[in-house]
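Student: I have a new structure to look at, and I would like to learn how to read it. Could you walk me through some features, step by step?

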Amino acid sequence: MIAHGRAVPTLHNATLPDGRVVDVHLDGGRVRDVVPAAGLPPVGDGLDLAGHLLLTAPAEPHAHLDKALSFDEIRPPMGNLDAAIAAWENHTPTLTVEGIAERARRAAMLLLGNGTTAVRTHVNLLRGDDPLRGIRALVAVREELADLVDIQIVAMAPYFASDEAIHAALDLGAEFVGGHPHQTPDPSGNLRRLLAIAQARKVGVDMHTDEQLNPMMLTLEELAHSVRHWPESMPVTAGHCVSLGVVERDVLDRVIGAVKASGIGIVSLPITNLYLQGWGDPVATPRGLTALRALLDAGVRVAGGADNVRDPYNPLGRSDALETAMLMVTAGHLSVGEAYRAVSDGARDVMGLPVAGVRRGASAELMAIRASSLEEAVAAAPHDRVVLRRGRLVSVSRTSRSVAVPTRSERPEQAAVPMSS
């Protein structure tokens with residue numbers, strides 16, 4: 001165990017992505033200075049990060065902590081988004097506040113151990129007489145873990161949720177209005193209803209948007225036009241935006257122009273959408289991704305998230321931002337640097353968090369990982385990590401490996417080779 005959130009004054013001998021080896025001085029939860037490493041061992045509460053790459057700590061801009069780690073208790077069938085929704089809806093009558101909180105707590109701690117110090121979670125309003133079970137559970141977990149990780153809560157309102165339930169969720173402590181208009185019988189009407197509630201409460205919105213491979217489903221464009229003149233105090237985020245990845249170029253340019261003008265943050269969720277999308281296309285299966293390259297090139301604020309982890313919507317997932325970054329490289333064709341920025345600086349920007357990282361004056365939200373380069377870190381995702389939140393040590397992971405050595409004395413090239421007759 002580590003001392004609970006102890007402040008760290010100096011990080012010694014850390015390697016930065018540009019290859020520099022530095023000492024980082026911290027003060028009051030911020031980076032006071034970054035200087036060339038003196039090569040000295042740490043004293044007092046300082047940390048020696050020799051052999052570690054020091055990075056901005058990841059942030060998770062789109063999680064479902066209320067659903068996380070429920071796969072084993074639900075045992076859902078493999079399938080697309082509709083099958084996942086049905087499996088979850090069938091299971092919701094059994095959910096309790098205590099059960100949701102227990103899984104959410106485990107999921108949050110998995111994220112923290114892997115370096116993530118801030119999470120935005122969507123929490124479903126449920127069917128039945130007590131639709132706020134998930135909200136109450138996540139508010140309790142947020143308070144319990146407040147010294148370790150920042151948790152933002154989106155009240156995710158399905159089509160059946162009443163206005164009263166949404167207002168009650170905000171009263172309990174949810175900070176954003178959310179939903180999935182594209183999955184409703186009236187996408188435009190549902191979107192307008194949710195935006196009206198957010199405006200009445202003067203809060204931001206974070207919408208599941210166009211999570212389907214239908215180029216005609218473009219509620220993102222309507223969302224962009226609807227919030228064009230919203231104040232910065234009511235931030236707007238759109239997650240998924242999968243249909244944007246399959247539209248024609250002229251439509252793409254038009255929608256991205258509207259998104260850029262409205263300042264909407266876009267969250268791509270490759271792990272879950274690569275799993276959920278394309279089940280009906282056995283040949284030339286399309287990628288379940290938004291138009292990442294076009295969005296980035298246009299200067300849109302882009303983040304990468306994991307979405308679901310081991311629940312009906314995604315049976316896998318490691319709760320590791322490096323997994324998301326890897327898929328943004330391999331499936332989204334981003335550079336390694338662009339992908340890591342999407343899960344760290346980009347995610348923090350979309351979430352409205354203070355600027356963090358290894359720069360003077362930035363919030364000391366940091367992850368040190370045993371790697372010599374960013375490419376190695378994303379490729380191998382080493383478990384050896386040190387995590388700081390606001391300059392305080394909140395997680396340390398160490399691994400060891402022992403591998404058997406060969407017992408034969410000769411090298412492989414010296415081994416006898418049978419001769420054919």
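Tutor: Gladly! Keep in mind that this is a predicted model. Let us begin with the overall layout: the centres of domain 1 and domain 2, taken over C-alpha atoms, lie 30 Å apart. On the domain 1 side 19 residues take part in the contact, and on the domain 2 side 21 residues do.

Student: Which residues belong to domain 1 and which to domain 2?

Tutor: Domain 1 is made of 6-56 + 358-397, while domain 2 covers 59-351.

Student: How is the size of an interface often given?

Tutor: People often quote the accessible area that is lost when the parts come together. Here, domain 1 and domain 2 bury about 1600 Å² between them, and 58% of that is on carbon and sulfur atoms. Three residues, Thr56, Val378 and Arg389, supply 35% of the area that domain 1 buries against domain 2, more than any other three residues.

Student: How many salt bridges and how many polar contacts cross the interface of domain 1 and domain 2?

Tutor: Five salt bridges are found across it, along with 10 residue pairs in polar contact. On the side of domain 1 that touches domain 2, the elements giving two or more residues are β5 (53-56), β14 (366-369), α14 (374-380), β15 (385-389) and β16 (392-397). The residues of that side divide into 10 nonpolar, three polar and six charged. As for a single salt bridge, Asp150 pairs with Arg389, with 2.8 Å between the closest N and O atoms.

Student: Now the backbone. What sign does phi have in most residues other than glycine?

Tutor: It is negative in most of them. Asp210 has a positive phi of about 55°, although it is not a glycine. Asp210 sits in the loop between β10 (204-209) and α7 (219-226). Arg310 also has a positive phi, near 55°, and its place is the loop between β13 (302-304) and α11 (321-330).

Student: Why does Asp210 count as buried, and why is Arg310 called partly exposed?

Tutor: The cut-off for buried is under 20% relative accessible area. Asp210 counts as buried because its relative accessibility is 1%. Arg310 is partly exposed because its relative accessible area is 26%.

Student: Let us try one more residue. Where is Val31 found, and is it buried or exposed?

Tutor: Val31 belongs to strand β3 (residues 30-36), and it counts as buried because its relative accessibility is 3%. Leaving out residues up to four places away in sequence, Val31 touches several others, including Val24, Leu26, Arg359 and Ala362.

Notes:
Residues are numbered from 1 along each chain as its sequence is written. This is a predicted model: local features need pLDDT of at least 70, side-chain atom pairs count only at pLDDT 80 or more; totals for chains, interfaces and linings use all residues. Side-chain values use heavy atoms; hydrogens and water are left out. Helices (H or I, at least four residues) and strands (E, at least two) are DSSP runs, numbered from the N terminus. Buried means under 20% relative accessible area, exposed over 50%, partly exposed in between (1.4 Å probe, protein chains only). Contact means heavy atoms within 4.5 Å. Domain bounds come from an automatic or database domain assignment. Buried area is the accessible area (1.4 Å probe) that two parts lose on being put together, summed over both. A salt bridge is a side-chain nitrogen of Lys or Arg within 4 Å of a carboxyl oxygen of Asp or Glu. A polar contact is a pair of N or O atoms within 3.5 Å; within protein, one must be able to donate a hydrogen and the other to accept it, and residues adjacent in sequence count only if both atoms are side-chain atoms. Ala, Val, Leu, Ile, Met, Phe, Trp, Tyr, Cys and Pro count as nonpolar, Asp, Glu, Lys and Arg as charged, and the others, Gly among them, as polar.
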